[in-house]
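Reader: I am new to this structure and would like a close look at a single part of it. Please start from one loop and then work outward, taking the time to connect it with its surroundings.

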Amino acid sequence: MATSRVWSGKRRTVAALGAGIALLAAACGSSGSGPAVSAGAKQTIVFAESGLGTEGAQTQTAINGFEKANPNIKVKVDVLSSDSTTYLAQLEHSFIAGSTTPDVFESDVTYPAKFAQAGWVLNLASLHPDMSQFFPTEVAAGTYQGQTYAVPWFDNPEGLFYRTDLIKTPPTSPAQVVSDAEAAMKADHSLKEGLAFEGAKYEGAITAFLTVDSAFGGKLDPQNLNTPGNAAALAWLYDAVYKNHIAPTAVTGWQEGQVQAEFSSGHAAFAINYPFVEAIPASQEAPAVVGHIGYIPFPAGPGGTPGSALGGEMLAINAKTAHSAAAWKFIEYLTSAPVEVARAEATGDPPSLPSAYTPALYAKAPYFQNVKVLNGYSQPRPVSPNYLQVSTDLQVMLSSVFANTESPAAAIAGAAPTVKSDANATPSS
Amino acid sequence: MAAEAPLRARRPALRWKSRPPGSATTARRTAADRRLGYLLVAPVLILLLLVTAYPLIYNLWNSFHFVNLSFGALPHKFVGGQNYTKMFTSSAWLAALERTLAFTVVSVVLDTIAAIGLALMLHRKFRGRGVLRAAVLIPWAVPTVVSAMLWKTMFDPRSGFVDYFLGALHPSWASITWLNASVWRSWTVIFIADAWKNVPFIAIILLAGLQVIPTDIYEAARIDGAGTVETFWRLTLPLLKPALMVAVIFRTLQALLVFDVIYIMTGGGPGNSTQTLSFLNYQTFITSLDFGYGGAISVMLVVMALVISYVIVRAFRPRT
């Protein structure tokens, strides 16, 4: 009897295990997209974004407006990590698992090509987006093999901030940035450095380099990295730390937050950073800085053009969603001029539409006039599905130079073949 | 002799009572008990197989296939030893291997020496010993990511207290950038943060080892005229070998897989000078989404861990 009970228990266990596995298999198999749902049908779409605080609140305000205008569509917000690396990993895990959600998501300007190559994002051609209304450099960041995969949401051109009380006329050359920084440090002993920039080993170091690069005639082309222009730009940043001593070695640990803190607290005469520095409330700035902020493209040297690096966020649609029509309506709403202007006024996120830069916006936030100027110069990072590998190589190169473990010329010569090889990597290589 | 006789006499009686030879009913009951035992441990066993054995086997399978998810849903075709060939000929992997082994050797030696000192101190009788023993474990209980952030902040040239004190000693020492501005300074901070976290753990293992050493042999050694140093080398250390072996194996495996502290403090920089095997593996998996090549690096790490553990066990085996 005892044996029989044990065996019947064992059979039950095996049966339960089999049922569990079958359920698991069924659950795994349900990740494919269903039939497309029309925009007029009652539905809920999931929107993944990284916004917290003011940005998150403003997104919710926009969603409320969208739901009011489209009562049949509800938007569920999925707030992912505010750390860009973790955010990317979270999105990738959803896509790799073949998930139909998020239906629509926020994407950094460097992601669309990678997502498009993997087949994770929807080709927007069938939705007929009017891309001519956006700044062309950000449109390029969302284009892969001639097709549009992402729509610009807001546009962050990185440039050169300076203290207008210390530097009366904006510098017109890289050499003048150095001389102005040196003069400011002599004149004002409360300054801890002439220039602050992102020198930590992360993506921001690349945008800081890109901001300076075109001023020396450089171009961040993975196929041809070792050019005189790129080498000169890298040498200028190196000299700022080790020859001219206008920047401290501490830059090797600085990301945009630390750079902003240095500038806003009155420690730096110049800073290379994103427009959000101008949107910092006066209460969080040193008194000497309040009302004394200039923001320009990095001034060009001989043979160069004024420099700015493109940052920003885009909106894209999951290739597996059944709600592409509703998702597209949502994107159209978020990227409409009134919604972008409201976001710019509330959060300082610069609109991606040139038409949103109006006198009404300037009246509320005058610094957007500077942002508009920089948008005309901003250069995107290489648009490549392998950009993240290229970025890793570039970060190693920049980190070696900023730590003075390699000379700029040696570092760029050493990195060029690796960058080219990684940019051209294919499944067979 | 008189005390041993009844003990010997009792042994057969005990065996007879628990399993009378030739009893079929008891044998069936024992078999049923055994099956029940298997059933009771089955859920845990299945869970362990799912969370450890399955990923290990799947990872091994990946390492012999093309599994780069950044190229989308391409077929995971068999590539033989291609991922391993790529790994063994990669300058990045070889450099990371060199750094990882160097870090392992240096940190295990330094941490073990420090832990022996700490364990000996905690083994002595003094006021507040219990509180100190509990307090010593706090660094080990703090998540590595948190402790790495703490140390990174403490070594910050603008807001960290380390530079503040150094600046007070000598003006030219002020404003030293420790992390990512110099290879040796970056490693120094990594070693300090890593030791702060791990030395207490080894010390507690060694303390447990010290507590099982009988005190009378120390008294005998003292009567024979042995000094403190001689007692340590000829009594304490040999008798501590079993605990030392466990501690060294744990510490070696931890050091071999070092990741969090480097990820937080330097991101592998300056350049690639603090990139270890685990960090390279993370980049291969997470940045490149290359689960084939990443799988090969992981398998090699497991093989290294097994070989090193075997070598340590052999080295600590008592000589007959």
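Author: A:N404 lies in the loop of chain A that runs between α14 and α15 (408-423). The model is a predicted one, and in it A:N404 has a positive phi of about 65° although it is not a glycine. A residue counts as buried only from 20 C-beta neighbours and as exposed at 12 or fewer; A:N404 has 15 such neighbours inside 10 Å and therefore counts as partly exposed.

Chain B offers a counterpart to set beside this residue, since B:L289, which is not a glycine, has a positive phi of about 55°. B:L289 sits in the loop between α14 and α15 (291-316) of chain B, and with 19 other C-beta atoms within 10 Å, B:L289 is partly exposed.

Going back from A:N404 to the helix α14 of chain A, one can follow its packing with α7 (residues 203-213) of the chain. Two packed helices are described by the angle between their axes and the distance between the axes. For α7(A) and α14(A) the angle is about 75° and the axes are 9 Å apart. Angles from 65 to 115 degrees count as roughly perpendicular, and α7(A) and α14(A) are therefore roughly perpendicular to each other. On the side of α7(A), the contact is made by A:E203, A:A205, A:I206 and A:F209, while α14(A) contributes A:S391, A:L394, A:Q395 and A:L398. Sorted by class, the contact of α7(A) with α14(A) has five nonpolar, two polar and one charged residues.

The helix α14 (387-402) also belongs to the contact between the two chains, which takes 31 residues from chain A and 35 residues from chain B. Along with α14 (387-402), the elements α1 (2-28), α3 (84-96) and α4 (112-118) of chain A each supply at least two residues of the side of chain A that touches chain B. The residues of that side of chain A divide into 13 nonpolar, 13 polar and five charged.

A:F209, one of the residues of α7(A) in the helix contact, leads on to the interior. In soluble globular proteins, nonpolar side chains tend to be buried together. The largest nonpolar core has 153 residues, and A:F209 is among those that touch the most other members, a group that also includes A:V121, A:A196, A:F270, A:A271, A:F330 and B:L206. Domain 1 (43-155 + 311-375) and domain 2 (157-309 + 385-423) of chain A both give residues to this core, so it lies between them. Leaving aside residues up to four places away in sequence, A:F330 touches A:I45, A:F47, A:F66, A:V75 and A:V104. Apart from this core lies another, of nine residues, among them A:V341, A:A344, A:A356 and A:V371.

The domain assignment of chain A gives domain 1 (43-155 + 311-375) and domain 2 (157-309 + 385-423), and the centres of these two domains, taken over C-alpha atoms, are separated by 28 Å. Their contact takes 13 residues from domain 1 of chain A and 16 residues from domain 2 of chain A. On the side of domain 1 that touches domain 2, α4 and α13 (368-375) of chain A each supply at least two residues, and α13(A) gives the most to that side, with four residues. By class, this side of domain 1 of chain A has five nonpolar, six polar and two charged residues.

Other loops deserve a look beside the one that holds A:N404. The peptide bond from A:T101 to A:P102 is cis, with omega near 0°, and A:P102 lies in the loop between α3 and β3 (104-108) of chain A. In chain B, a cis peptide bond joins B:G269 and B:P270, with omega about 0°, and B:P270 has its place in the loop between α13 (260-265) and α14 (277-287) of chain B. A further loop of chain A, between β8 (268-273) and β9 (293-296), contains A:G291, which counts as exposed because it has 10 C-beta neighbours inside 10 Å.

As a frame for these details, the secondary structure of chain A comes to 15 helices and 10 strands, and 51% of the 429 residues of chain A count as buried. The C-alpha trace of chain A spans about 95 × 50 × 45 Å along its principal axes.

Key: Residues numbered from 1 in each chain as written. Chains lettered and ligands numbered in written order. Predicted model: local features only at pLDDT ≥ 70, side-chain atom pairs only at ≥ 80, totals over all residues. Contact = placed C-beta atoms within 7 Å. Nonpolar A, V, L, I, M, F, W, Y, C, P; charged D, E, K, R; others polar. Axes fitted to C-alpha atoms, helices over the stretch in contact; angles between N-to-C directions. Parallel < 35°, antiparallel > 145°, perpendicular 65-115°, else oblique. Core = buried A, V, L, I, M, F, W, Y, C linked by C-beta atoms within 7 Å. Domains from an automatic or database assignment.
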